[in-house]
Amino acid sequence: MTDAKDLSPLEVILEKVRAKLPIQNPLHSFVHNNILMMFEGKEFHEALADAGALYRANSYWSVEKYKQKYVENKITMNDVNLGIDQYLLHYNNSETAKMLNLDLKDFYLRLMFADIAFNDDEIQPDIEDRELWEACAQKMNGQELILPQGGKKYRAKAYWEKYYNESLAASTHPYVIKLISSFLDQGQSFWSNPFVKKGFWAFFIDDVEVVRKYGTEWQKILAKKVNAYNGLPPKQIIEAELSRINIPMESWENYLLELLFDLKGWSGMVNKLETEPWQATVQAPNIKLVDFIAALILVETSLDEYHAKLHSTDLAMIYGREETISLRSFHLSLALYQIVRAFNVPIPWIEKLSSEELVTLIKNVDSSEKEHLVRLWHEAFENHFYREALSAIVSHDRSNNKVTPTDAQVLFCIDDREESIRRHLEEINPNIKTFGVVGFFGIDMKFSSLKHKRLIAQCPPVIQPSRIVREVPKNTKNAESFLKLNQLKGMSDLSLYYMSRTLVRGFLSTLILGVVSIVPMFLQVFFPKQSKGFREKFNHFVSPLPESEISLDHTDERTGYTKKEMAKIVEAIISMCGLKKEFSKLVILMGHGSTSNNNPFKQAYGCGACGGNAGVPNSRAFAKMANDPEVRIHLEAAGISIPKETYVVSGFHDTCTDEIHFFDLEFLPESYLEEFAKIRSYLQEACKLNAFERCQRFSLPRAKHDPEFAIKHVRERAEDLAQPRPEYGHSTNALAIVGLRDLTKGLFLNRRSFLLTYDWKIDPQGEILQQVILGGIPVAVNINMDYYFSCVDNDNFGCGSKLPLNLTSLLGVMTGSSSDLRIGLARQMVEIHEPIRNMTIVEAPLERVKKIFDNHGRLKKLLYNHWMRLCVFDPELNEWFIFKEHEFKKLEIDILAMKNYKTSVDLINKKTSEDDFAEIG
Amino acid sequence: MEHLFLSLLLIPFSWIVFLGLSFFARMDLPERFLSESVKWMSILTSLISLALSILVIHNGSLPISINYPAWIQVGDYDFKIRFIIDLLGSTYALLTCLLIGIIFRFSRNYLHKEEGYFRFIFLLTTLMLGLNIVSFARSLDLIFAGWELVGTASVLLIGYFYNQSQPVRHSLKAVVSYRFCDMGILAAAAWAHHYMHTTDFVEIPSLLHNIHLQESGHGGVVAMTFIGLFIIWAALAKSGQLPFSSWLPAAMEGPTPSSAIFYGALSVHLGPFLLLRFYSFFEHFPLLLWTIGIVGALSALYATAVGRTRSDAKTMLAFATISQVGIIWVEISLGFTKFALFHIVAHASLRTWQFLRSSSLIQDFFENPVVQENALIDRKLSIEKIVSRSFRRRFYVHALHGFHLDYFSGKILEGLSWPIRTYIEFEKKWMKINNSLMMFIFKKR
């Protein structure tokens with residue numbers, strides 16, 4: 001970024017505006033992000049208040065929903081108290097409480113259960129207490145409270161909507177969306193926009209020229225305006241327009257933000273493609289945010305002028321107007337009545353205070369206390385979960401875990417969805433040890449597969465991939481025909497896509513394909529699984545996928561890895577698992593990914609650590625590295641001795657179909673086969689049970705009782721064209737547990753926790769801990785926050801229902817025929833989620849943890865500003881700590897009784913309540 | 001055969017009645033019950049329509065008439081309720097039942113847990129009933145009944161998300177276009193009743209002979225031409241032909257399966273279906289055939305040009321649909337009626353499939369080996385390079401704005417409403433004069 005001094009005032013403002021726009025990637029490279037990442041510098045609740053205003057969204061569930069949870073006993077009185085305590089740590093000042101002469105805690109408590117609704121004409125409480133009502137009415141007689149609605153308003157939009165019922169969404173938005181979607185298009189339309197190289201501004205100018213003749217009235221004004229500016233660059237136009245409207249410079253930022261957030265998805269995408277052009281699906285067009293802003297301002301002011309003319313109003317009166325709501329004596333006495341009732345203050349108290357003081361009281365309750373209300377409920381709701389979780393983990397008996405021989409070691413991803421399968425696997429065979437490591441296995445590569453050569457970054461989005469790794473056929477001759485056919489198929493798919501939508505070629509392809517297409521449609525809709533099997537068989541028959549391997553050869557600086565680098569990568573992962581010498585004969589890597597069909601959000605279900613892609617290449621590459629004798633020699637030097645008889649197998653778990661695949665098995669020595677077959681059957685059994693557990697969240701009765709049917713059912717879900725919920729993804733995630741598996745082994749966590757393996761004993765310096773935490777926790781928080789926001793207000797933070805979604809420009813989705821580019825997750829993806837901030841639990845000496853969180857910029861912000869919670873179990877002191885009030889305090893917790901079940905399946909079959917935690921075994 | 005046909009009407013009808021009653025009885029049917037019932041209903045109707053089609057073909061495609069007692073009888077004049085089972089009707093009914101069956105199955109998962117599932121099922125069944133009536137109706141009056149059911153279901157499904165403003169606005173757009181063109185059917189029916197005492201398209205061609213003979217007596221050719229034009233007019237809106245093309249792309253507001261079945265498949269093809277029904281009438285009037293051909297050709301060219309600029313999956317498909325339907329109109333005008341029917345079936349199937357799969361595009365593109373990083377997908381036709389770059393740019397912008405169809409139709413409407421507006425102006429002035437006159441009189445008193 002250039003020095004702030006060189007920038008003009010407008011440019012400074014633009015940079016500020018830019019920083020607040022939505023940060024979502026195009027959908028093909030969707031990654032979970034804290035969508036409010038730019039607000040992390042603020043305390044959680046404050047940030048949410050700001051963001052809520054900006055996004056015009058609710059940052060929490062509605063109070064009614066929390067109260068419903070209270071009724072359902074999902075929030076207890078105890079939680080309410082704890083929630084208030086937690087909240088009081090940072091918000092401990094209330095004028096109202098003082099005036100009411102109440103203790104702050106007592107005040108908040110009463111506030112939470114008060115039903116206060118005033119300045120709302122529709123809800124009017126019954127007046128039960130006549131005497132009180134008389135007193136209130138008398139006191140409020142002749143009083144008036146004027147509540148300003150925000151500051152000065154420089155946009156006329158709300159004015160037109162309110163008084164003339166004219167909405168922007170109906171008039172200017174379709175026009176702007178048409179321009180921007182066709183300009184940003186990445187190849188969905190038949191004609192690419194001919195202005196792509198010349199730039200958006202040139203396109204806008206030319207377009208306006210056309211619109212002048214045939215447009216509506218406001219478009220004619222727009223054309224005149226653009227003409228009048230006569231080739232001025234967009235920046236100057238913005239300045240000129242803003243000054244013309246007479247907005248003081250300090251309000252420019254807000255004005256622009258409000259303007260851009262009308263179409264926040266498109267604005268965010270424009271910004272994304274300008275600042276990170278490599279994120280484009282195919283190629284970023286020549287567009288700048290200023291161009292877009294200038295167009296938006298011109299369009300808006302033209303519409304204003306048109307409306308002003310139409311309704312003969314004076315724009316000068318509308319720009320910079322101040323709007324107020326005034327409460328008259330009736331409403332005021334009603335408010336006072338409710339307050340007195342809610343806080344249970346005696347009538348004489350009213351007599352003591354002057355009318356003016358009472359009005360101030362009402363004003364405070366209306367503005368600030370209402371804001372506290374929902375936050376308090378939210379804290380209480382979260383506390384309920386935290387309390388249960390911590391109680392379960394603290395009380396979990398770790399001595400149960402006897403030291404047993406090791407049959408195999410299985411490395412899973414840290415993903416919360418792998419919690420259940422690990423549990424099942426351990427229950428099936430306690431001698432199998434499982435570990436949780438980041439699913440890209442530390443390999444920062446761009447990968448090119450045989451099937452589609454396009455380079456795909458197979459690492460977390462925060463890491464710039466340093467190398468290119470390719471999948472190569474073992475036998476080049478065999479592969480040639482496959483590659484040719486594959487290319488041909490790609491060509492024909494693509495041309496068919498374009499052709500079937502044109503005139504003459506569309507005619508021909510309709511006649512040829514039309515009637516035929518009813519067959520695949522019928523099969524895919526009625527028999528999704530079978531039709532997939534058939535397709536696969538057919539493909540295999542026509543051109544079988546040639547046998548391949550991963551080429552790691554270090555041919556140049558950007559390709560492959562040297563043996564030394566490989567050893568480094570392997571060492572990092574192995575030491576995260578706490579392994580030095582004690583390797584079993586088989587070490588199995590389980591990358592993961594997710595199959596789904598007809599799903600624009602496929603990336604959101606993939607492996608977050610692999611940038612939303614499937615973890616197959618990473619798993620294969622890592623196995624190849626770890627099996628390399630030369631690499632093992634290097635490892636020996638680093639103090640890690642992998643015995644000769646240890647073999648690393650590359651595997652893959654599909655979190656949607658619950659299938660497992662293994663790769664490069666032809667390298668597996670024959671003597672291992674029997675043992676491997678055993679482990680494989682355990683894994684398959686675990687998959688089945690995992691599917692069974694997952695089916696409890698779906699609503700097919702048979703799948704809830706029958707594991708055999710469950711596994712069939714989840715496979716069908718993945719292939720079903722019509723399935724908006726192939727899986728529930730990260731829904732309900734709320735925890736991240738860093739430590740040895742012993743900490744949680746034998747504990748049912750209900751797929752709510754990320755599990756990161758870390759052995760504090762072999763890491764005195766805390767270097768490994770740093771890798772584990774930095775690699776996993778920010779990702780977990782990102783996922784958690786993404787779900788949080790899409791869950792609390794799906795229409796404004798998320799992308800609404802999946803049903804009417806309409807894929808646009810190969811970048812994102814719109815709702816219906818034209819709308820803003822939607823951000824966030826769809827309603828069907830988050831419907832069972834509960835908005836709870838991530839709680840991270842670390843098993844490590846306190847000082848180590850402290851150091852890491854204090855020294856990392858983002859983690860520190862997240863922790864100190866309460867975007868996450870942190871709990872530490874110090875094994876040296878054998879003591880639990882919780883981070884509160886900017887420091888670690890000893891954890892005090894009432895242990896709740898936990899149910900005990902023999903196995904997870906036993907639990908599922910017997911489960912009556914919806915407890916998240918239970919002892920197994 | 002009669003029973004088979006009758007059951008095709010009665011099954012959806014009784015289902016609608018049942019759903020309606022359950023709604024008023026506040027029965028709140030469980031989703032599972034609904035999805036299971038429609039499953040059996042669609043299996044049943046598909047089998048019946050299949051059997052019907054086979055029987056029709058087996059009979060050598062000879063049409064069979066089914067007559068019911070007249071609906072209204074005034075003197076010796078009556079509105080007949082007569083159906084016809086022929087190749088065209090049974091094919092369309094088969095297409096209807098099959099595609100709706102697929103859509104029902106698709107929606108079972110797609111609309112799972114959805115509040116509006118009941119509404120969706122209800123409206124889709126209404127569509128089925130409407131289409132089956134249209135398929136077998138023998139007169140314009142009866143067609144109109146089915147036609148309206150289809151229109152209503154269509155409009156209500158565009159407004160499926162009725163708590164948002166845009167779907168409601170766009171469904172309004174559709175309803176206006178529909179109603180405007182429904183006037184065509186009504187006018188044609190009224191005129192036909194007046195001149196020929198029937199709207200039965202089996203009878204009309206035989207009557208034509210007489211009319212030709214006594215041209216002067218009956219207003220003859222001119223009247224017939226107008227009836228034909230009205231029928232064409234009626235067919236315009238449903239199939240989104242010019243100048244009623246702008247509502248169709250805007251109609252993509254409902255859940256994907258409803259967009260697929262209405263605007264990819266069944267509702268849009270009702271226009272050509274109506275024309276096919278009356279083909280034996282049209283073929284006597286070259287002027288009408290020319291009109292059909294020209295409208296179709298213009299719409300096809302128009303829609304393909306506009307569609308090429310669209311970058312979102314659904315509107316793009318909507319324009320592609322309009323252009324293919326335009327071609328079907330041209331085929332009809334050229335007399336390839338059988339071929340047009342085949343084209344309808346093929347096109348409806350393909351578009352349904354494409355609509356249902358429209359969410360796969362990102363995945364498809366991303367996994368396509370041809371789509372590489374940092375290379376714009378080359379999709380230009382060399383033929384387009386004949387014209388200059390600046391012309392292409394201008395053309396693109398015009399196409400992007402749909403060649404200003406709304407502007408021109410606005411102008412036309414303005415022209416049409418000229419008498420009304422003039423009258424209003426006049427009335428305003430008159431009121432002013434009147435007022436001052438009154439004031440004058442009252443003051444005097």
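Into which domains is chain A divided? I began here, noting that the model is a predicted one, and I found domain 1 (63–149 + 328–387), domain 2 (152–318), domain 3 (408–441 + 561–595 + 615–901) and domain 4 (489–542).

**Entry: domains 2 and 3 of chain A**

I then looked up how domain 2 of chain A is placed relative to domain 3 of chain A, and I noted that their C-alpha centres lie 44 Å apart. I also looked for contacts, and found that 15 residues of domain 2 of chain A are in contact with ten residues of domain 3 of chain A. On the domain 2 side, helix H9 (168–184) and helix H14 (264–275) of chain A are the elements that each give two or more residues, and H14(A) provides the largest share, five residues. When I sorted this side by class, I had six nonpolar, seven polar and two charged residues.

**Entry: helix H31 of chain A**

I turned next to helix H31 of chain A, which runs over residues 767–792 and has 26 residues. From its first C-alpha to its last H31(A) reaches 37 Å, which I noted as close to the 38 Å expected at 1.5 Å a residue. I also recorded a bend of about 25° in H31(A), located at A:Ile773. Is H31(A) largely enclosed by the rest of the structure or largely open? I counted 22 of its 26 residues as buried, so H31(A) is largely enclosed by the rest of the structure.

**Entry: two positive phi values in chain A**

I looked up two residues of chain A that are not glycine and yet have a positive phi, beginning with A:Asn878, where phi is about 50°. A:Asn878 sits in the loop between strand S18 (868–874) and strand S19 (879–884) of chain A. A:Asn878 has 7 other C-beta atoms within 10 Å, and I therefore entered this residue as exposed, the cut-off for that class being 12 or fewer.

For A:His886 I noted a phi near 65°, again positive in a residue other than glycine. A:His886 belongs to the loop between S19 and strand S20 (887–890) of chain A. Is A:His886 buried or exposed? With 9 C-beta neighbours inside 10 Å, I entered A:His886 as exposed.

**Entry: chain B against chain A**

How many residues of chain B are in contact with chain A? I found 74 residues of chain B in contact with 74 residues of chain A. Several helices of chain B give two or more residues to this side, among them H3 (87–110), H6 (165–196), H14 (286–307), H15 (313–334) and H16 (337–356). The largest share, nine residues, comes from H16(B). By class, I listed 33 nonpolar, 27 polar and 14 charged residues on the side of chain B that touches chain A.

**Entry: within chain B**

I took the division of chain B as domain 1 (1–138), domain 2 (172–393) and domain 3 (401–445). Between domain 2 of chain B and domain 3 of chain B I found five residues in contact with five residues, and the domain 2 side of this contact has three nonpolar, two polar and no charged residues.

Last, I checked a peptide bond in chain B, the one that joins B:Leu242 and B:Pro243, and I recorded it as cis, with omega about 0°. I placed B:Pro243 in the loop between helix H9 (220–238) and H10 of chain B, and H10 (247–250) is itself one of the helices that give two or more residues to the side of chain B touching chain A.

Definitions and conventions:
Residues are numbered from 1 along each chain as its sequence is written. Chains are lettered from A and ligands numbered from 1 in the order in which they are written. This is a predicted model: local features need pLDDT of at least 70, side-chain atom pairs count only at pLDDT 80 or more; totals for chains, interfaces and linings use all residues. Domain bounds come from an automatic or database domain assignment. Two residues are in contact if their C-beta atoms, placed from the backbone, lie within 7 Å. Helices (H or I, at least four residues) and strands (E, at least two) are DSSP runs, numbered from the N terminus. Ala, Val, Leu, Ile, Met, Phe, Trp, Tyr, Cys and Pro count as nonpolar, Asp, Glu, Lys and Arg as charged, and the others, Gly among them, as polar. The expected span of a helix is 1.5 Å times one less than its number of residues. The bend at a residue is the angle between axes fitted to the seven residues ending there and the seven starting there. A residue is buried if 20 or more other C-beta atoms lie within 10 Å of its own, exposed if 12 or fewer, and partly exposed in between; C-beta atoms are placed from the backbone.
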